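Please look over the structure shown below before reading on. The briefing that follows groups its points by topic.

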Amino acid sequence: MKPLQVRPLEASTWPDFADLVERNGGVWGGCWCMGFHPEGVGRGHTPEGNRATKEARVRAGTAHAALVYTEDGTCVGWCQFGSPGELPRIKAKRAYEATAPTPPDWRITCFYVDRGHRKMGVAAAALAGALDEIARLGGGRVESYPENTEGRKVSSSFLHTGTLALFEAAGFAPERKIGKDRWVVSRQVAAA
């Protein structure tokens, strides 16, 4: 595979992000990566409304992601991150809050990789790009909530929170389980 490039999600890269989401049917039924934001998705939300809300957040600087591009400039994936205030909704939140220490400075909540580019290192590039952006934005303690897939087969289309192995390879330490296969992992990121 040719080298991948990573750029932050911002007003200038919004069209690339929008193209990726539109090529993939709105992603998860029209989520537009809004599921972890305060607005959420589901009842009362439409794909068009999710798109408009996501774009407004991007233009206001209250939505963050690292976008991954192929050599020809096509956006093929992302890793979403943000403060707990930007991304208050997480998987297994009740279990998380039952044992939650001090909130992190940043959360990494989801990944998406274009169907034709899965298992090619896009998620790893997106995670590295998100960590670089977090460093540029001041660094701090970063948490995420991946699944442990060791010893079981899971479709990559369902691993939107990433895998435990992916995060461990990027220097994250597992802290505690918050579900049968879900972990809280964290890492300190120095300011750039």
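Within helix 4, the buried residues are V122, A125, A126, L127, G129, A130, L131, E133, I134 and A135. The model is a predicted one, and the points below begin with this helix before turning to the segment that follows it, a pocket, and several individual positions.

**Helix 4 and the residues that flank it**

- Helix 4 covers residues 122-136, which makes 15 residues, and its span of 21 Å from the first C-alpha to the last is close to the 21 Å expected at 1.5 Å a residue.
- Ahead of this helix, in the loop between strand 4 (106-113) and helix 4, sits K119, a residue that has a positive phi of about 65° although it is not a glycine.
- K119 is exposed, because its relative accessible area is 78% and the cut-off for exposed is over 50%.
- Just after helix 4, G138 adopts a positive phi of about 120°.

**From helix 4 into strand 5**

- G139 belongs to the loop between helix 4 and strand 5, and it counts as buried because its relative accessibility is 13%, where buried means under 20%.
- Although G139 and V189 are 50 residues apart in sequence, their C-alpha atoms are 5.0 Å apart in space.
- Leaving out residues up to four places away in sequence, G139 touches D105, W106, I134, V189, A190 and A191, and I134 is itself one of the buried residues of helix 4.
- R141 is located in strand 5, which spans residues 140-144, and a polar atom of the R141 side chain lies 2.7 Å from the backbone oxygen of T102.
- When neighbours within four places in sequence are set aside, the contacts of R141 are P101, T102, P103, P104, D105, W106, E175, S186, R187 and Q188.
- D105 and W106 are therefore among the residues in contact with R141 and also among those touched by G139, where contact means heavy atoms within 4.5 Å.

**Between strand 5 and helix 5**

- T163 is placed in the loop between strand 5 and helix 5 (164-169), and it is classed as buried because its relative accessible area is 18%, under the 20% cut-off.
- A polar atom of the T163 side chain lies 3.1 Å from the backbone nitrogen of L166.
- Not counting residues up to four places away in sequence, T163 touches P146, E147 and T149.
- Within helix 5 itself, E168 is partly exposed, with a relative accessible area of 41%.
- E168 and G26 are 142 residues apart in sequence, and their C-alpha atoms are 30 Å apart in space.

**The second largest pocket**

- The volume of the second largest pocket is about 210 Å³.
- The residues that line this pocket are W28, C31, C33, G35, F36, V41, R89, I90, K91, C110 and H160.
- By residue class, the lining divides into 7 nonpolar, 2 polar and 2 charged residues.

**The loop between helix 1 and helix 2**

- C33, one of the residues lining the second largest pocket, is found in the loop between helix 1 (14-23) and helix 2 (47-60).
- C33 has a positive phi of about 60° although it is not a glycine.
- With a relative accessible area of 3%, C33 is buried, because buried means under 20%.
- Apart from residues up to four places away in sequence, C33 touches F17, K54, W78, Q80 and C110, and C110 also appears in the pocket lining.
- The C-alpha atoms of C33 and A65, which are 32 residues apart along the chain, are separated by 9.9 Å.
- P38 is likewise found in the loop between helix 1 and helix 2, and at 36% relative accessibility it counts as partly exposed.
- P38 and E86 are 48 residues apart along the chain, yet their C-alpha atoms are separated by 6.9 Å.
- Not counting residues up to four places away in sequence, P38 touches R57, G85, E86, P88 and R89, of which R89 is one of the residues lining the second largest pocket.

Terms used. Residues are numbered from 1 along each chain as its sequence is written. This is a predicted model: local features need pLDDT of at least 70, side-chain atom pairs count only at pLDDT 80 or more; totals for chains, interfaces and linings use all residues. Side-chain values use heavy atoms; hydrogens and water are left out. Helices (H or I, at least four residues) and strands (E, at least two) are DSSP runs, numbered from the N terminus. The expected span of a helix is 1.5 Å times one less than its number of residues. Buried means under 20% relative accessible area, exposed over 50%, partly exposed in between (1.4 Å probe, protein chains only). On a 1 Å grid over the protein atoms alone, a cavity is a set of points where a 1.4 Å probe fits but cannot get out, and a pocket is an open set with protein on both sides within 12 Å along at least five of seven lines; lining residues have an atom within 4 Å of a point. Grid points are joined across faces, edges and corners, and a volume is the space filled by probe spheres set on the points. Ala, Val, Leu, Ile, Met, Phe, Trp, Tyr, Cys and Pro count as nonpolar, Asp, Glu, Lys and Arg as charged, and the others, Gly among them, as polar. A polar contact is a pair of N or O atoms within 3.5 Å; within protein, one must be able to donate a hydrogen and the other to accept it, and residues adjacent in sequence count only if both atoms are side-chain atoms.
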